[in-house]
Amino acid sequence: MEDVRTLRYDIQWEVFEGMQIVDINSKYYDMVIEFMWSQSFLKSLVYESLGLFDLPNMKETYSWYVRHILRNECSVMMISEDETQIRAVGLLEWMTEEWHSWVFFPSSLPRNLFQQIIMMKKELIDATKASLGVSTYDALFVHEIAFPDELYFNQDFLATIFDVFGFVAQHMHMPRVHFIALSSVDQEAASLIEYEEVGRTIYSIYKVGNTRPFDILRELDEMYALLFELAVSPVQKYIEMPGFEAFHEALDARLAKEAAEKRHDDDI
């Protein structure tokens, strides 16, 4: 008889129809990588149309990519009601200028179309930052999503899981969430929630050197990569929450007393 064990987790972010949305324990990285390969990569019309399915060592490259993001320790997964199976995954990473995330990430991948997709995302972020006229544009970045087919356009599910991305951003002290939807399917899903489109790249005119590597997508009516954003407010410290007025009054009184005593000692 097969030994089916429940999946461990430390943080429960939310529950959707009895299924927990939780953090990802490092013990399950290999399981998540296989899930992302079958339920995200191999289901992507964009990846398939660009010929990524046929690139040599693509699974090895994609596995490295997923594992690198998982090691950032803020991705989430939804597990089945009996807590034995993965039902959905959001690969999340905090991307900051201080840590040069957008420099290291693409440079560590093999030079192929997959790397160029990452570079295109980086350039879209840079262009949006410039158009907004901001000096820093740190964000919790949603790299990949893998959702059950039956829930992909379920607005309640999408609102729940994307709200979780916002909760994670708050706890990671990120001011916003970014999601670049590469396909019209992902874009339709993102349009059902309260994320705002703030930038776009037209595939047919995006150039790498003298080539337009994504021009073939125009024939499939996949015209744009869209950057969606959700601004989030910082997590409020518990002592700043309503109900702590008495705490602040007592603290102010104690500090005033200590200051008076110090002045008295100084005068002696």
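# Asking why about this predicted model

The C-alpha centres of domain 1 and domain 2 lie 45 Å apart.

Me: Okay, so where do those two domains start and stop?
Reply: The domain assignment puts domain 1 at 12-234 and domain 2 at 235-267. Keep in mind that this is a predicted model.

Me: What's the overall make-up of the protein?
Reply: There are eight helices and eight strands. Along the principal axes, the C-alpha atoms fill a box of roughly 85 × 55 × 35 Å. Of the 268 residues, 46% count as buried. And if you take the contacts with a separation of 6 or more, 72% of them come from residues 24 or more positions apart.

Me: Why are α1 and α3 called oblique to each other?
Reply: Helix α1 (residues 29-39) and helix α3 (residues 58-70) pack at an angle of about 125 degrees. Roughly perpendicular covers 65 to 115, and roughly antiparallel needs over 145. The angle of about 125 degrees fits neither, so the pair is oblique. Their axes are 10 Å apart, and the crossing is right-handed.

Me: Which residues make that contact, and what makes up the mix by class?
Reply: From α1 you get Y29, D30, V32, I33, E34, M36 and W37, and these meet M58, K59, Y62, S63, V66, R67 and L70 in α3. By class, that's nine nonpolar, one polar and four charged residues.

Me: What about α3 against α5?
Reply: Helix α5 (residues 113-132) packs with α3 at an angle of about 35 degrees, with the axes 11 Å apart. On the α3 side the contact uses M58, T61, Y62 and Y65, and on the α5 side F114, I118 and K121. Sorted by class, this contact has five nonpolar, one polar and one charged residues.

Me: Is T160 buried or exposed, and how do you know?
Reply: Buried means under 20% relative accessible area. T160 comes in at 17%, so it counts as buried. You'll find T160 in helix α6 (residues 155-171). Leaving out residues up to four places away in sequence, T160 touches E14, V15, F16 and I21.

Me: And D126, how does that one get its label?
Reply: Partly exposed is the zone between the buried cut-off of 20% and the exposed cut-off of 50%. D126 has 36% relative accessibility, so it counts as partly exposed. D126 lies in helix α5. The C-alpha atoms of D126 and H143 are separated by 16 Å, with the two residues 17 apart along the chain.

Me: What makes the phi of E73 worth a look?
Reply: Most residues other than glycine have a negative phi. E73 is not a glycine, yet its phi is positive, about 65 degrees. E73 sits in the loop between α3 and β3 (76-79).

Me: How do you know whether E73 is buried or exposed?
Reply: Exposed means over 50%. E73 has 66% relative accessibility, so it counts as exposed.

Me: Where is D221, and what is its phi?
Reply: D221 is in the loop between β7 (196-202) and β8 (224-231). Phi of D221 is near 65 degrees, again a positive value in a residue other than glycine.

Me: Why is D221 called exposed?
Reply: Set its relative accessible area of 57% against the cut-off of over 50%, and D221 is therefore exposed.

Definitions and conventions
Residues are numbered from 1 along each chain as its sequence is written. This is a predicted model: local features need pLDDT of at least 70, side-chain atom pairs count only at pLDDT 80 or more; totals for chains, interfaces and linings use all residues. Side-chain values use heavy atoms; hydrogens and water are left out. Domain bounds come from an automatic or database domain assignment. Axes are lines fitted to C-alpha atoms, for helices over the stretch in contact, and angles run from 0 to 180 degrees between N-to-C directions. Helices (H or I, at least four residues) and strands (E, at least two) are DSSP runs, numbered from the N terminus. Angles under 35 degrees count as roughly parallel, over 145 as roughly antiparallel, 65 to 115 as roughly perpendicular and the rest as oblique. A crossing is left-handed if the near helix is turned anticlockwise from the far one by less than a right angle, and right-handed if clockwise. Contact means heavy atoms within 4.5 Å. Ala, Val, Leu, Ile, Met, Phe, Trp, Tyr, Cys and Pro count as nonpolar, Asp, Glu, Lys and Arg as charged, and the others, Gly among them, as polar. Buried means under 20% relative accessible area, exposed over 50%, partly exposed in between (1.4 Å probe, protein chains only).
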